[in-house]
Amino acid sequence: MVQTTFEVTNQNFQTDVIGATLPVLVEFTADWCPPCKMLAPVLHALAEKYADRMKVGMLDADNYPEYVQRFGVMGL
């Protein structure tokens with residue numbers, strides 16, 4: 001399976017998420033989060049299946065807490 005998800009960072013957030021031409025699903029995740037690890041294969045499959053209609057990005061909540069706060073994320 002080809003992974004078609006991408007890592008969301010400060011460097012690409014504006015262009016790849018906000019400025020994207022396709023809808024973008026952003027998963028707020030963390031290395032220590034068991035449900036996040038369980039959901040990852042599903043998100044990769046969605047990204048592959050709908051690659052022509054949407055993008056799926058993975059944002060590490062520990063590395064970018066400003067986005068967690070900005071979007072009001074209450075849990076992972």
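The following exercises, with worked solutions, concern a predicted model.

**Exercise 1. Sheet order and pairing**

Work out in which order the three strands of the open sheet are arranged, and which strands lie at its edges.

Solution. Begin with the general rule that strands of a sheet pair through backbone hydrogen bonds, in either a parallel or an antiparallel sense. In this model the three strands form an open sheet with the order 1-3-2, and their pairing is parallel. The edges are therefore strand 1 and strand 2 (24-29), each of which pairs on one side only. On average, and with direction ignored, neighbouring strands of this sheet are turned by 35 degrees against each other.

**Exercise 2. The register of strands 2 and 3**

Determine how many bridges join strand 2 to strand 3, and which residues of strand 3 stand opposite phenylalanine 28 and threonine 29.

Solution. Strand 3 covers residues 55-60, and its parallel pairing with strand 2 extends over six bridges. Within this pairing, the bridge partner of phenylalanine 28 is leucine 59, while threonine 29 stands opposite aspartate 60.

**Exercise 3. The connection through helix 2**

Establish where helix 2 lies with respect to the strands, and whether the β-α-β unit it belongs to is right-handed or left-handed.

Solution. Helix 2, made of residues 34-49, lies across strand 2 and strand 3, and runs at about 165 degrees to strand 2. Taken together, strand 2, helix 2 and strand 3 make a β-α-β unit that is right-handed.

**Exercise 4. The surroundings of glycine 57**

Decide whether glycine 57 is buried or exposed, and list the residues that it touches.

Solution. First locate the residue, which is found in strand 3. Glycine 57 has a relative accessible area of 0%, and because buried means under 20%, this residue counts as buried. When residues up to four places away in sequence are left out, glycine 57 touches Phe6, Val8, Leu25, Val26 and Glu27. Glycine 57 also lies 5.4 Å from threonine 5, C-alpha to C-alpha, although 52 residues separate the two in sequence.

**Exercise 5. Threonine 9 in its loop**

Find out what the side chain of threonine 9 reaches, and whether this residue is buried or exposed.

Solution. Threonine 9 belongs to the loop between strand 1 (6-8) and helix 1 (13-18). Its relative accessibility is 14%, so threonine 9 counts as buried. The side chain of threonine 9 reaches the backbone nitrogen of glutamine 11 at 3.2 Å, a distance within the 3.5 Å cut-off for a polar contact. Not counting residues up to four places away in sequence, threonine 9 touches Tyr64 and Tyr67.

Conventions: Residues numbered from 1 in each chain as written. Predicted model: local features only at pLDDT ≥ 70, side-chain atom pairs only at ≥ 80, totals over all residues. Heavy atoms only, no water. Helix = DSSP H or I, 4+ residues; strand = E, 2+ residues; numbered from the N terminus. Buried < 20%, exposed > 50% of the residue type's maximum accessible area, 1.4 Å probe, protein only. Polar contact = N/O pair within 3.5 Å; in protein donor to acceptor, adjacent residues only side chain to side chain. Contact = heavy atoms within 4.5 Å. Pairing = 2+ DSSP bridges. Axes fitted to C-alpha atoms, helices over the stretch in contact; angles between N-to-C directions. Right-handed = clockwise from strand over helix to strand, strands pointing away.
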